[in-house]
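This report describes one structure for a reader who is new to the subject. Please keep the sequence and the three-dimensional view at hand while reading.

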Amino acid sequence: MDFIIALILGGIIGASVLWMRNRGIVVRWYEWLIGIVGLFLLWFTIANYFGSMTEFEPSAATAFLLVTGLPSIILLAVAGSLAWRRNHSTV
Amino acid sequence: MSKFHSVVARRDFMKGLGLAGAGLGVAGAAAPVIHDLDELMSSTTAGVKRSWWIKERELDNPTIEVDWSMLKRYDHKLVNPSTIAKQAVGSDEYGRLQVEGRVLSNSQQYSAPGRMHRDRALRDGSGGGSKVRAARGDWGGPMGTATPEERGIPRWQGNPEENTRMVRTALVFFGAAAVTVGGLNGKHRNFINKSDRSRDIVFQDLPAGDPGGLIDNRYIIPDIPLWEIGWQSPHAREAYSTGQSDIWKAANGARYTRRAIVQPAMQEFMRALGYMCFAGTGYPITSGQGNACLHGGAETGRAANCVISPEYGSTHGYFELLTDMELEEEPPVDAGIWRFCQTCGRCAEYCPSNSLAPLDVEPSWEVKTSREAPGIPMTGHPWKKGFWPDRISCNLWNISNVQASSYGCHICAQVCPFNQGQGAIAHQFVKGLVATTGIFNSFVANMADVFGYGHGDPEAWWDRSYPQFGIDTTIMAKDGGYNK
């Protein structure tokens with residue numbers, strides 16, 4: 001299962017990089033860093049949500065959505081927003 | 001017409017192909033690397049491969065501060081919780097409280113969640129094995145299997161490392177989760193108690209091969225070099241964490257019933273090799289938990305009713321065997337547990353009798369007196385700088401409320417943040433974090449309440465599918481592909 005998830009994630013990242021290069025979208029190193037951290041937190045959230053449910057700890061599952069899931073969404077939004085603004089700004 | 005655009009596109013395509021291939025290769029390699037990282041980085045402590053964040057310390061230097069000059073043989077008769085609680089309040093008052101507790105307990109039986117008919121049946125089945133326990137045999141075990149002499153072969157000979165590895169493998173095979181060993185010689189001799197809860201323990205010169213035993217209501221131990229084999233028997237974690245239920249009592253009692261199988265099996269094994277292996281039926285002859293803390297199985301915690309294992313948390317029990325087979329001296333470990341206890345205090349917060357040291361109390365060499373009886377010290381082996389539980393108030397609350405055992409209601413053990421399953425990957429992450437640095441300990445301790453850990457539903461327990469014995473027996477297994 002971990003292998004499949006890693007393949008999918010690797011494919012998504014690779015496809016995203018290709019798509020951005022084709023569109024001439026430039027992403028700065030710090031935007032990459034924020035995005036990768038956000039993606040890691042998203043994966044962490046999903047894995048622990050379902051892991052907590054298998055442990056019959058629904059409170060913990062919900063808590064993961066808030067404690068790590070929300071920050072992951074915010075970080076991904078920040079990274080995407082920063083890249084979008086720079087690549088669509090008019091001088 | 002030259003097609004510069006298509007040449008650039010092909011270059012981009014090849015770059016993209018290379019990038020995708022690299023990405024796939026990393027992704028493909030990432031899973032097994034991550035899977036094996038723990039194995040690659042695992043440390044070998046207590047003779048087994050452990051998680052990387054469990055570090056060995058030097059011999060005789062556990063994470064809790066100890067003073068070997070203060071270690072004396074422990075007179076358990078004098079500090080048995082029910083004995084000193086009775087001394088504190090008087091026999092009449094103690095009896096009145098017991099009646100009060102019995103009335104309360106009986107009023108809840110068959111009506112309160114976790115105390116229903118099937119819950120009680122589970123508890124009775126688990127504990128009784130009283131007949132199974134009785135079959136265990138006293139002191140030296142059944143002593144039915146043939147010795148090497150009787151087989152016409154030499155006694156087993158191995159060096160301490162070989163012997164330890166063999167003892168561990170056999171004991172796990174018979175039913176232990178983890179095994180820790182160390183000598184009971186020199187300054188360690190004082191780990192052998194002066195008495196168990198009711199009988200004196202006395203050293204004597206005995207004929208070779210004579211393990212002693214219960215004679216004239218005293219335990220006679222041969223005055224020879226001895227080693228201690230401590231072994232861990234986990235509780236069914238989810239069953240154990242169901243509050244004051246009969247299911248919890250069943251989980252706590254089950255390890256004693258399993259002991260009745262594991263212990264004589266190990267004793268016969270050792271006898272077949274040509275060695276003595278004895279254990280008190282009166283329990284404890286030494287401290288199984290102390291053995292675990294000194295030899296790599298666990299660390300001391302705030303509750304002090306139980307030590308805390310890096311793998312099983314507080315949901316387990318320890319037993320001990322004494323032998324004349326020479327074994328290794330295994331070192332203690334540091335998994336950040338004792339340090340975590342300084343800033344957690346969850347056990348004290350949930351203790352219904354307020355018998356545990358709260359967060360504002362620092363570890364102390366001095367065993368303080370009980371609030372129920374100012375002249376009587378709380379129990380404790382005063383050779384370590386620790387947190388001292390008020391066993392008198394614990395026992396008095398216990399007998400007048402839940403009628404559990406001399407050692408309390410175990411809520412402290414149930415709510416310990418180290419009691420975690422294997423479902424959510426965050427547990428290993430947090431354990432590694434806590435073992436590496438203490439700066440997040442307060443945050444992690446607070447999160448235990450936010451995440452709602454330690455409060456199992458006794459009704460829902462019946463509808464779930466848990467492993468054999470309710471225990472994850474693969475946790476300590478590093479070979480055979482069991483621990484995925």
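How many residue pairs are in polar contact across the interface of chain A and chain B? The rule finds six such pairs, with both residues at pLDDT 80 or more. A polar contact is a pair of N or O atoms within 3.5 Å; within protein, one atom must be able to donate a hydrogen and the other to accept it, and residues adjacent in sequence count only if both atoms are side-chain atoms.

The model is predicted, and local features need pLDDT of at least 70, side-chain atom pairs count only at pLDDT 80 or more, and totals for chains, interfaces and linings use all residues. Residues are numbered from 1 along each chain as its sequence is written, chains are lettered from A and ligands numbered from 1 in the order in which they are written, and side-chain values use heavy atoms, with hydrogens and water left out.

**The interface**

The side of chain A that touches chain B draws at least two residues from each of helix H1 (2–23), helix H2 (29–54) and helix H3 (58–88) of chain A. Helices (H or I, at least four residues) and strands (E, at least two) are DSSP runs, numbered from the N terminus. H1(A) gives the most to this side, with eight residues. By class, the side of chain A that touches chain B has 13 nonpolar, six polar and four charged residues. Here Ala, Val, Leu, Ile, Met, Phe, Trp, Tyr, Cys and Pro count as nonpolar, Asp, Glu, Lys and Arg as charged, and the others, Gly among them, as polar.

In total, 23 residues of chain A are in contact (heavy atoms within 4.5 Å) with 22 residues of chain B. The two chains bury about 1900 Å² between them, 72% of it on carbon and sulfur atoms. Buried area is the accessible area (1.4 Å probe) that two parts lose on being put together, summed over both.

**Salt bridges**

Zero salt bridges are found across the interface of chain A and chain B, whereas the structure holds 17 over all chains. A salt bridge is a side-chain nitrogen of Lys or Arg within 4 Å of a carboxyl oxygen of Asp or Glu. One of them joins B:Arg120 to B:Asp124, with the closest N and O atoms 3.0 Å apart. Both residues lie in helix H5 (residues 117–127) of chain B, four residues apart, about one turn of the helix.

**Sheets of chain B**

Chain B has an open sheet of three strands in the order E5-E7-E6, with mixed pairing, and an open sheet of four strands in the order E4-E8-E10-E9, with antiparallel pairing. Two strands pair if DSSP finds at least two bridges between them. In the sheet of three strands, the twist averages 40° from one strand to the next. Two antiparallel pairs are listed below.

| Strand pair | Bridges | Residues facing each other |
|---|---|---|
| E6(B) and E7(B) (residues 218–222) | three | B:Ile215 and B:Arg218 |
| E8(B) (residues 227–234) and E10(B) (residues 316–323) | eight | B:Gly230 and B:Glu320 |

**Helices of chain B**

Helix H8 (residues 160–174) of chain B lies across E4 and E8, running at about 145° to E4(B). Helix H10 (residues 246–273) of chain B lies across E8, E9 and E10, running at about 25° to E10(B). Axes are lines fitted to C-alpha atoms, for helices over the stretch in contact, and angles run from 0 to 180 degrees between N-to-C directions.
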